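Please find below my notes on the model, set out as numbered points. They are meant to be read with the structure open alongside.

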There are 2 protein chains.
Amino acid sequence: MFRQTLPASIVFACLFFAPVGHGVIAEEQPLSGFSAQSSETERQWEEKLRAIPSPENLRAYMQRLSARPHHVGSPYDQDNAEWILGKFKEFGLDAHIEQFAVLFPTPKQRLVELVDGGLKFTAKLEEPAVPEDPTSHQQSEQLPTYNAYSIDGDVTAPLVYVNYGVPEDYEQLERMGVSVKGKIVIARYYHSWRGIKPKVAAEHGAVGCLIFSDPHEDGFFQGDTFPGGPYRPPDGVQRGSVEDMPLYPGDPLTPGVGATKDAKRLRVEEAPVITKIPVLPISYADAQPLLSALTGRVAPADWRGGLGIAYHVGPGPAKVHLRVTSNWEPLKTLYDVVGKIPGSTFPDEWVIRGNHHDAWVNGAEDPVAGQIALLEEARALGELVKAGWKPKRTIIYCAWDGEEPGLLGSTEWAEEHYEELRAHAVAYINSDSNGRGYFNVEGSHTLEKFSNDVARDITDPETKLSVWTRARLRDISNARTAEQREEIRKRADLRIPALGSGSDYTTFLQHDGVASLNFGFGGEDGGGIYHSIYDDFYWFTHFSDTDFVYGRALAQAGSTAVMRLADADLLPFEFGDFADTVQMYVKELKALAQKSQDDIRERNREIEEGVFQATNDPKRPLVPPAVEAVPPHLNFAPLENAVDALNRSAAEYRKAVEQVNAKGAARSASFAEVNKLLMASERKLTNKEGLPTRPWFKHQLYAPGFYTGYAVKTVPAVREAIELKQWKQADEAIAVVAGVLEQEAALISSAARKLAP
Amino acid sequence: MFRQTLPASIVFACLFFAPVGHGVIAEEQPLSGFSAQSSETERQWEEKLRAIPSPENLRAYMQRLSARPHHVGSPYDQDNAEWILGKFKEFGLDAHIEQFAVLFPTPKQRLVELVDGGLKFTAKLEEPAVPEDPTSHQQSEQLPTYNAYSIDGDVTAPLVYVNYGVPEDYEQLERMGVSVKGKIVIARYYHSWRGIKPKVAAEHGAVGCLIFSDPHEDGFFQGDTFPGGPYRPPDGVQRGSVEDMPLYPGDPLTPGVGATKDAKRLRVEEAPVITKIPVLPISYADAQPLLSALTGRVAPADWRGGLGIAYHVGPGPAKVHLRVTSNWEPLKTLYDVVGKIPGSTFPDEWVIRGNHHDAWVNGAEDPVAGQIALLEEARALGELVKAGWKPKRTIIYCAWDGEEPGLLGSTEWAEEHYEELRAHAVAYINSDSNGRGYFNVEGSHTLEKFSNDVARDITDPETKLSVWTRARLRDISNARTAEQREEIRKRADLRIPALGSGSDYTTFLQHDGVASLNFGFGGEDGGGIYHSIYDDFYWFTHFSDTDFVYGRALAQAGSTAVMRLADADLLPFEFGDFADTVQMYVKELKALAQKSQDDIRERNREIEEGVFQATNDPKRPLVPPAVEAVPPHLNFAPLENAVDALNRSAAEYRKAVEQVNAKGAARSASFAEVNKLLMASERKLTNKEGLPTRPWFKHQLYAPGFYTGYAVKTVPAVREAIELKQWKQADEAIAVVAGVLEQEAALISSAARKLAP
């Protein structure tokens with residue numbers, strides 16, 4: 001998993017949000033996409049299904065899978081894959097391992113030292129074993145702390161503290177008159193995906209990059225540290241990939257195609273996703289002497305972290321010597337485990353479920369807590385098949401390898417099977433790690449109502465409420481305004497956030513155009529073991545879902561979604577929530593453009609008034625901002641017309657469904673054809689050109705931000721153009737996206753007409 | 001000074017705010033309250049006046065006054081008073097020292113130790129000398145670190161961390177199921193005046209109270225610590241009074257009357273303003289082992305400070321032994337230095353200017369930086385008298401003693417001279433410490449326009465803008481919304497905040513009903529030496545107004561205000577800004593009552609919906625809130641009618657002034673009578689019953705909050721009743737305040753009629 005679950009105290013409500021709607025779906029109504037009769041049958045099978053997953057099994061699976069380090073290329077990675085294969089087969093799935101050959105550099109040399117500053121310090125770069133934690137002692141198998149896909153380098157330069165190292169931080173540095181040109185930057189983790197930090201640093205001329213876990217976000221500020229508590233200890237380090245995945249994920253050498261043995265490959269030097277400068281992650285114990293050696297301006301208030309020191313920006317005076325080199329050869333083998341249950345009626349319609357099995361070290365939480373739920377789902381579905389259940393559609397369970405370095409296993413598989421997936425995929429359901437707390441769903445808004453319906457049928461182990469009800473009440477509790485609460489209370493469904501990146505849904509959704517959902521529980525327990533040697537069975541069974549009841553709930557949710565999609569007469573895509581969401585995005589974009597105008601106009605006025613001269617402290621002068629041209633008005637009409645078309649077509653489709661439901665009979669006649677259209681509905685949101693600056697990303701509604709990495713940018717071509725003040729490109733992108741949405745509306749209308757001519 | 005100037009990064013814009021108005025007053029117009037001719041004469045004298053203050057003198061005065069510790073009862077306190085007396089006389093003032101005899105306890109025993117927890121720790125309770133700082137070595141004369149007016153006590157009990165120790169914190173503790181009954185609490189400084197912390201702790205049953213300076217607000221989190229920077233070093237301690245001044249300030253034994261030798265006195269045991277439990281301030285170096293010894297729940301995110309530890313709430317397990325005893329006898333002598341320049345035309349109209357001279361230790365910033373400006377003002381005015389200037393009114397310059405323990409010198413003097421002040425006082429202008437940056441004014445809104453006019457005539461040393469323009473541009477820069485900026489840009493005058501408490505204006509304004517202003521510069525430099533041995537000449541000349549140009553600006557502002565008030569034909573009180581401000585307060589009160597209804601209604605609804613059960617983490621359960629009756633609607637009509645009356649009378653008065661200005665001649669006929677009414681206008685805002693729960697406080701618009709201490713509560717009887725959910729009392733208070741405001745409106749109308757019959 002790429003994205004660390006933030007401690008409960010930091011996380012802002014995600015999952016399920018919510019506005020304007022109707023009532024609450026009564027339990028007695030037929031399931032969406034099922035007739036009264038088929039719904040009853042489905043409910044019976046689902047109840048059997050949800051009774052099967054067992055916490056004891058989950059615990060045993062975790063103990064086995066996390067018993068040794070199992071990163072890509074390690075013996076236990078392959079061993080785990082073969083064990084999962086055996087399990088899949090034992091459960092009755094038609095399973096095999098699919099192999100790919102990928103670039104995966106591992107550390108050769110790592111050095112961080114202070115030089116030239118009168119101070120002597122060499123960073124430890126090691127995570128010590130903890131006596132009571134048995135697997136923390138497996139030093140010989142552990143990958144050292146590093147950032148995969150850092151370029152090799154050996155640099156010595158003064159240090160500059162750049163806060164989170166995101167573009168806004170460099171704007172502030174510029175105001176402070178501090179340049180990172182020729183410097184080594186030190187950035188703290190968070191507020192962007194880690195790979196953004198060296199990318200932006202290099203764009204500003206830095207020659208090296210250190211990334212540290214600040215105790216404010218990830219250490220004692222959050223609570224007691226491991227082993228006394230769940231939080232990151234002083235020497236804990238967050239490993240992780242810094243491949244430029246917002247450009248393209250997967251094997252750096254084979255963009256867009258499966259990394260099969262004979263695939264055409266880039267040379268390493270040609271791969272644009274490898275960092276431009278060397279980068280290394282460090283612990284806060286290692287960061288403290290480096291940050292303490294900085295002088296210069298005291299860091300702005302919101303740049304200061306939790307270390308017991310005054311944070312300074314620098315540059316220098318102390319210089320840092322950073323050396324990072326990797327073993328780039330040979331290519332490593334990925335072991336994707338794929339198990340199928342063939343469909344009885346529509347074998348060419350695939351419902352896909354995945355979770356990765358590789359870890360940075362032992363990975364009990366990430367990814368094993370998710371992988372064990374997936375395994376238990378496979379067992380449960382296998383049992384029901386043995387008991388006579390026949391899914392209409394083909395079900396494919398996948399245990400991906402190589403997610404940690406760059407979504408390698410899922411990406412290479414989904415690139416290799418691109419044409420098949422475009423033709424056959426109904427949906428992809430992902431998970432990746434799991435914890436205690438609330439049910440979090442993100443994904444395609446054509447499946448928003450579907451995912452709400454699934455959540456209504458899963459029971460929260462702690463409160464015995466449905467996980468849907470619990471999430472809804474949590475959203476009410478977290479809402480910041482009366483308007484937000486009002487929306488949650490009125491809307492039939494909880495809003496689901498869109499998917500950015502950070503796990504294996506990326507290629508399915510954003511490259512292949514497969515409607516995708518990501519499931520997981522969390523939010524009650526904190527943690528600070530992400531991508532460290534302490535993410536292991538000992539930690540998980542002391543500080544997370546210790547009795548595996550949330551593992552069971554995840555297995556129930558995942559398998560229910562899979563079974564329902566596999567069995568539905570009419571695929572449960574829905575377009576009312578979808579149109580409502582797109583309408584919200586368009587409003588946001590208009591507000592964003594307006595805000596850009598307002599902000600620039602106001603700043604220009606303040607420059608004229610002399611605000612900046614008047615408030616500039618001569619002892620700490622800032623570079624005054626320059627007058628800027630007020631942005632032009634953009635032509636949002638095409639998008640607004642497209643939203644109207646979407647709303648109209650969604651209403652047509654809803655009406656058609658109601659007519660079919662009313663008639664009862666003669667339902668199945670046109671369903672096969674309609675289902676083909678529904679399967680294609682997410683594909684229609686992609687275009688073959690992809691996003692203007694990164695053609696691998698085909699989806700026109702969802703992409704990870706080019707400068708955020710994890711966090712989604714919805715309607716990315718338009719939104720990022722506005723953010724980057726590229727007004728011409730924004731206007732062009734509006735037209736392109738509007739065209740895509742008009743085609744989507746046409747497809748939905750066509751499905752409505754086919755359904756109820 | 002009671003109130004520490006927060007570092008620039010924490011301070012929220014205070015000073016001069018601003019809404020809806022007219023234009024900007026042109027320099028050429030006559031000064032308000034002056035005819036064209038008298039205005040020209042006044043301007044000439046003022047220009048001479050502002051040319052006199054000299055940074056060299058200011059520096060020399062500071063070196064002298066801060067050369068040794070000079071707290072109440074110390075030899076150097078008396079020595080300074082006598083030196084100031086000599087200076088006043090040398091400058092030509094008719095000066096004398098007025099003595100009072102007051103209760104001022106000094107430390108006898110101080111002990112804080114961990115017991116019973118397996119850990120051994122005894123707090124140091126000492127501030128070490130710093131080699132390069134000469135006065136930090138004067139140990140034998142320094143008052144030890146303590147909180148004056150703590151009751152004697154010797155208690156041993158488990159410790160509980162209570163965040164800032166304000167009422168909301170105890171509400172959170174209750175939700176957490178933590179009681180402080182029988183416990184010792186440890187609270188951090190800030191977010192209330194310090195005396196609130198032991199008061200609220202005792203109300204909740206605590207038996208002892210420690211107050212520490214957390215490095216987040218007051219230490220390395222802000223920047224480099226002394227002597228490397230201006231911020232509080234690990235062993236630095238904030239001394240300070242914990243007398244319950246929101247009940248009454250001044251000598252605890254003589255409430256309401258001057259503490260003359262023969263005054264009738266309470267016994268110490270009878271004095272209600274002495275704390276109910278022992279209390280001691282400690283450094284963050286001393287606090288860290290205590291806080292580290294706490295277990296129990298991890299403190300809520302916004303309770304966590306800057307120490308490099310996980311903050312826990314407790315209680316315990318470690319117990320603390322706290323012993324505090326004081327030398328309560330004998331009474332100490334106060335030396336108030338009072339110097340007069342008699343008025344030539346209206347000797348019975350007094351313009352009073354004050355700043356205290358006592359300090360906790362050497363007190364270079366607090367109070368000497370303000371005291372030296374006052375001295376230089378006295379010299380400047382004295383020189384002009386020698387040059388032929390004859391103020392119409394009597395000018396009284398006061399150097400107060402005993403401000404630090406409880407506004408003793410100013411309170412006893414203003415109580416002793418109560419009847420004279422009610423009869424003769426025009427206005428009181430206070431200062432208390434000074435620094436580098438923006439001009440801050442707070443005070444009576446009848447003088448809002450006047451203080452704006454003064455600020456327009458003072459030049460900022462750094463930007464060469466007027467201090468008014470600089471403050472206005474800073475306010476625009478700090479405004480959080482477009483509406484706030486709009487108001488600042490449109491309103492003729494900058495809003496001035498109301499006075500709460502924290503310095504010597506308190507008794508003048510809130511007990512005697514004398515219109516008051518408080519002047520000072522600051523906001524650019526940080527500091528962490530407040531009430532410590534490091535607040536000295538070395539610190540000030542390294543980290544604050546190092547070249548004393550802001551000391552000169554303060555002397556210019558203070559003396560300009562004094563001269564203009566002393567010379568005006570018609571006293572420059574104005575009621576448009578005043579009525580506008582009262583109207584704003586009434587709107588705030590209505591919104592506050594509405595919010596209380598809305599919040600309770602919403603919480604009740606969430607309780608019914610089950611929000612609290614759904615979001616209660618079973619591993620860290622919170623006590624669910626109870627359903628509460630929705631507050632009744634209050635009758636705000638009397639206040640709204642009173643505001644209308646104020647607006648009408650303010651318009652009448654403005655019109656009358658315009659008529660007089662138009663006529664030019666025959667001006668002075670009625671001025672004497674009108675001036676009497678204007679002088680009485682602030683008195684009319686008081687009533688003899690005072691506030692319902694604290695009769696010493698007579699002013700019906702301004703008081704320090706009973707549970708905030710420094711921060712003002714405007715319309716306190718109404719606002720605090722609403723905050724405490726005392727609806728009946730709120731309705732009663734509305735009627736009382738409305739009556740007072742109606743009388744004020746009548747007085748203003750009467751002044752208008754007298755002025756232009």
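**Notes on the predicted model**

1. *The sheet of chain A.* In chain A, seven strands form an open sheet in the order β1-β11-β13-β12-β14-β16-β15, and the pairing is mixed. The edges are taken by β1 (94-102) and β15 (437-443) of chain A; each has a single partner strand, so one side of each is left without a neighbour in the sheet. From one strand to the next the twist averages 20°. Please keep in mind that this is a predicted model.

2. *A strand pair and a helix in chain A.* Strands β12 (residues 346-356) and β14 (residues 425-431) of chain A pair in the parallel sense, over five bridges. Within that pair, Gly354(A) has Asn430(A) of β14(A) as its bridge partner. Helix α8 (residues 364-386) of chain A packs on the sheet and touches β11 (332-341), β12, β13 (393-400), β14 and β16 (516-523) of chain A. The direction of α8(A) makes about 150° with that of β12(A).

3. *The sheet of chain B.* Chain B has an open sheet of seven strands in the order β1-β11-β13-β12-β14-β16-β15, with mixed pairing. Its edge strands are β1 (94-102) and β15 (437-443) of chain B, each of which pairs on one side only. The twist averages 20° from one strand to the next.

4. *Strand β13 of chain B.* How many of the eight residues of β13(B) are buried? Eight of the eight are, so β13(B) is largely enclosed by the rest of the structure. β13(B) pairs with β11(B) in the antiparallel sense over five bridges, and Val337(B) stands opposite Ala399(B) of β13(B). β12(B) and β13(B) run parallel and are joined by eight bridges; here Phe346(B) stands opposite Arg393(B) in β13(B).

5. *Strands β14 and β16 of chain B.* The pairing of β14 (residues 425-431) with β16 (residues 516-523) of chain B is parallel and extends over four bridges. Asn430(B) stands opposite Asn518(B) in β16(B).

6. *Helices on the sheet of chain B.* Helix α8 (residues 364-386) of chain B lies across β11 (332-341), β12 (346-356), β13 (393-400), β14 and β16 of chain B, and runs at about 150° to β12(B). Helix α10 (residues 408-416) of chain B also packs on the sheet, where it touches β1, β11, β12 and β13 of chain B. The direction of α10(B) makes about 65° with that of β11(B).

7. *Helix α8 of chain B in itself.* α8(B) has 23 residues and reaches 31 Å from its first C-alpha to its last, close to the 33 Å expected at 1.5 Å a residue. Of its 23 residues, 20 are buried, so α8(B) is largely enclosed by the rest of the structure. Just after α8(B), Gly388(B) takes a positive phi of about 115°.

8. *Arg436 of chain B.* Arg436(B) is found in the loop between β14 and β15 of chain B. Is Arg436(B) buried or exposed? With 24 other C-beta atoms within 10 Å, Arg436(B) is buried, the cut-off being 20 or more. The C-alpha atoms of Arg436(B) and Gly522(B) are separated by 4.7 Å, although these residues are 86 residues apart along the chain. Leaving aside neighbours within four places in sequence, Arg436(B) is in contact with Phe521(B), Glu524(B), Asp525(B), Ser544(B), Asp545(B) and Tyr550(B).

9. *Helices α12 and α13 of chain B.* The axes of helix α12 (residues 448-456) of chain B and α13(B) come within 6 Å and cross at roughly 110°. Angles of 65 to 115 degrees count as roughly perpendicular, and α12(B) and α13(B) are therefore roughly perpendicular to each other. Asn452(B), Ala455(B) and Arg456(B) of α12(B) make the contact with Val467(B), Trp468(B) and Ala471(B) of α13(B). By class, the residues of this contact of α12(B) with α13(B) are four nonpolar, one polar and one charged.

10. *The interface.* Between the chains, 31 residues of chain B are in contact with 31 residues of chain A. On the side of chain B that touches chain A, α13 (467-478), α18 (576-609) and α19 (611-615) of chain B each supply at least two residues. The largest share of that side, six residues, comes from α13(B). The side of chain B that touches chain A has 13 nonpolar, nine polar and nine charged residues.

Methods. Residues are numbered from 1 along each chain as its sequence is written. Chains are lettered from A and ligands numbered from 1 in the order in which they are written. This is a predicted model: local features need pLDDT of at least 70, side-chain atom pairs count only at pLDDT 80 or more; totals for chains, interfaces and linings use all residues. Two residues are in contact if their C-beta atoms, placed from the backbone, lie within 7 Å. Ala, Val, Leu, Ile, Met, Phe, Trp, Tyr, Cys and Pro count as nonpolar, Asp, Glu, Lys and Arg as charged, and the others, Gly among them, as polar. Two strands pair if DSSP finds at least two bridges between them. Axes are lines fitted to C-alpha atoms, for helices over the stretch in contact, and angles run from 0 to 180 degrees between N-to-C directions. Angles under 35 degrees count as roughly parallel, over 145 as roughly antiparallel, 65 to 115 as roughly perpendicular and the rest as oblique. The expected span of a helix is 1.5 Å times one less than its number of residues. A residue is buried if 20 or more other C-beta atoms lie within 10 Å of its own, exposed if 12 or fewer, and partly exposed in between; C-beta atoms are placed from the backbone.
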